[in-house]
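Colleague: Could we go through this structure together? I would like to begin with the interior and then turn to the charged pairs.

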Amino acid sequence: MLSIEFRIPPSIHLKLNNMKKGILILFVLSMLGCSKKDAIPVTPIVPVVVEEPVKFSLSPDLSASNYILTKDTLEFTITVSSKMPSSGFIYSIAINRLDTALGIFKLDSTISQNSLVIKAGGFSIKANYTIKITISSKATSTNSNNQNFQISRGRIYKNYIKSSYELSNFDTWFSSTQIYKADGSRYIANNPFIDEQSTQIDIDGDGQEDLFYYESYDLNISPTPNPPPSVFMNTGTALKQTPWTGPAIKQPHGTKLLVGDFNNDSLPDIFSLVAADPPNNSPAGFLNTFDICNILLNSPTGFNKEKDYNDEGYWYSGCSGDIDNDGDLDIIAFNFHNQSNGVKSRIMWNDGKANFTNDFNGVGDIPVVYQSELVDVNNDGFLDLVIIFVPTTIPNRVNDFRVLWGNGKGFSLTNSSSISISGEWYLMNLDFTDLDTDGTKEIIVSGNYNNPVGSGAPIYFISLFKSTDKGKTFSDKTSQYIENNTAGRFYHIRVQDIDKNGQLDIFSGEKKDNIRWEWNGSKFIRK
């Protein structure tokens, strides 16, 4: 094999190496020039953060199909189980009443927490309510979750272990223009707010007061008609008459109706003091009227039990309250004509189950009581008995107005404070308030007296009596505390803040009368 070997002189090697270095340097310079002049900017790559889908749960579980709320406030906790986005969650909650779309609660807020406690009030009406809850990521609106469901508010339980006077300051101010018959026509036969024999009571526990009423009757009819009570159920905007489905009542024509929970089952009952006026052609007249009292006991489905109290009399006035502070409601019943028929007035002590024991001591011999209320006048923890009675025969009428001080055991005229009033006054209502918060309530009376000129309609008035010595004496302070104290015809007068503006009102129970005074801090001003 032929092999050829070339040898390059050392001088040539040196030249070649220098050429390689030059080429390399030119290449590097070339690249540097391109980077300064022609390089394309590179956008930094930001990692994509993927949010967890919003998931949440409620405690208690309101989504249950039979969830029933038993109080006015709904409290629940929302817990979000997904990781919170950096900008937080948007909580949106809307609660509405189903039948009216009335808004009960609303929340729209960004909150940086995974758990939220909601306390929503306003469930004061027995009804169905819709709840919509939506929780969204504030950064990503599409990352959202919602739940819609319905709950029911169960029966409304009001505290009916109170005196009949307290419970006569009703929640609602009705007008007779709101009353309709069952067929939808307006009820105009009689004005139930001028007559005595009516009361307001939430019969069905829906949170709205209904009207319970014994209608007036024609005094030319003999024997006296005794129809069952008329019941007008509150629809929220009107009072609609419904047929009486309760038990038969032997003598149903109640005059003064005492509302209270007499058998301690948390439902309101009615004790009726019955004093039916005799027909015009009755030979004996009022002195020979023999009526009996009765009690109607309520149930979850309405009044279902009636009990009669067979002592006959003319039971025109009475009151109820926890006289002995044992947790149940006792009753005082006054027979207007006890001097003529010998049937004594009495305290009816309750055993807590609407079983009553008669006690004639103290009140049994007080004659002709025509107004009475149980109120703690001196704030000592015991109910006091305030009465207006006539200690002499009717033709020589002289009013006796007294506070019989309570001690938890009974009442006596010997332990009382007398209040001077005109013998011409016929008082129809007793009301109470502590205007100056000195611990002794002022007594506000209303009634009428004959026109001084001897003709025309009676004059209707209100007056205020105040004590400055803790109830030992009371003085008439009407001119100091009431502006223009006379008004047109009225019957029931109430004293409470009826328009919820923080100022006490004195007003006719019939809203249509448009009779009202309002406290301005120093005086009741006619409105």
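**Cavity, cores and salt bridges**

Modeller: By class, the largest cavity is lined by 14 nonpolar, 12 polar and five charged residues. Please bear in mind that this is a predicted model.

Colleague: What is the volume of the largest cavity?

Modeller: The volume of the largest cavity is about 500 Å³. The structure holds one cavity of 30 Å³ or more.

Colleague: Which residues lie nearest its centre?

Modeller: Of the 31 lining residues, Ser168, Ser198, Lys256, Asn429 and His492 lie nearest the centre of the largest cavity.

Colleague: And which strand gives the largest share of that lining?

Modeller: That is S14, with five residues. Other elements that each supply at least two lining residues include helix H2 (164-167), strand S10 (198-201) and strand S18 (315-321).

Colleague: Lys256 caught my attention. What does Lys256 form a salt bridge with?

Modeller: Its partner is Glu373, and the closest N and O atoms are 3.2 Å apart. Lys256 belongs to strand S14 and Glu373 to strand S22, so this pair ties together parts 117 residues apart in sequence.

Colleague: Are those two residues buried or exposed?

Modeller: Both Lys256 and Glu373 are buried.

Colleague: How many salt bridges are there in total?

Modeller: The count comes to 16 salt bridges. One of them joins Arg516 to Asp505, with the closest N and O atoms 2.8 Å apart. Arg516 lies in strand S33 and Asp505 in strand S32, so that pair ties together parts 11 residues apart in sequence. Arg516 and Asp505 are also linked with Asp499, Glu518 and Lys527 in a network of salt bridges.

Colleague: Let us change topic. Which residues touch the most other members of the largest nonpolar core?

Modeller: Phe401 and Phe524 do, in a core of 45 residues. The largest share of this core, five residues, comes from S28.

Colleague: What is Phe401 in contact with, beyond its neighbours within four places in sequence?

Modeller: Its contacts include Val386, Ile388, Leu430, Val445 and Phe465. There is also a second, separate core of 27 residues, with Phe76, Ile104, Ala127 and Phe149 among them.

Colleague: Finally, the second largest pocket: which residues lie nearest its centre?

Modeller: Ser124, Asp171, Gly207, Gln208 and Glu209 do, out of 25 lining residues. The volume of this second largest pocket is about 390 Å³. Asp171 also forms a salt bridge with Lys158, the closest N and O atoms being 3.5 Å apart.

Colleague: How does Asp171 count, buried or exposed?

Modeller: Neither: Asp171 is partly exposed, because its relative accessible area is 48%.

Methods:
Residues numbered from 1 in each chain as written. Predicted model: local features only at pLDDT ≥ 70, side-chain atom pairs only at ≥ 80, totals over all residues. Heavy atoms only, no water. Core = buried A, V, L, I, M, F, W, Y, C linked by side-chain atoms within 4.5 Å. Buried < 20%, exposed > 50% of the residue type's maximum accessible area, 1.4 Å probe, protein only. Helix = DSSP H or I, 4+ residues; strand = E, 2+ residues; numbered from the N terminus. Contact = heavy atoms within 4.5 Å. 1 Å grid on protein atoms, 1.4 Å probe; cavity = no way out; pocket = protein on both sides within 12 Å on 5 of 7 lines; lining within 4 Å. Points joined across faces, edges and corners; volume = space filled by probe spheres on them. Nonpolar A, V, L, I, M, F, W, Y, C, P; charged D, E, K, R; others polar. Salt bridge = Lys/Arg side-chain N within 4 Å of Asp/Glu carboxyl O.
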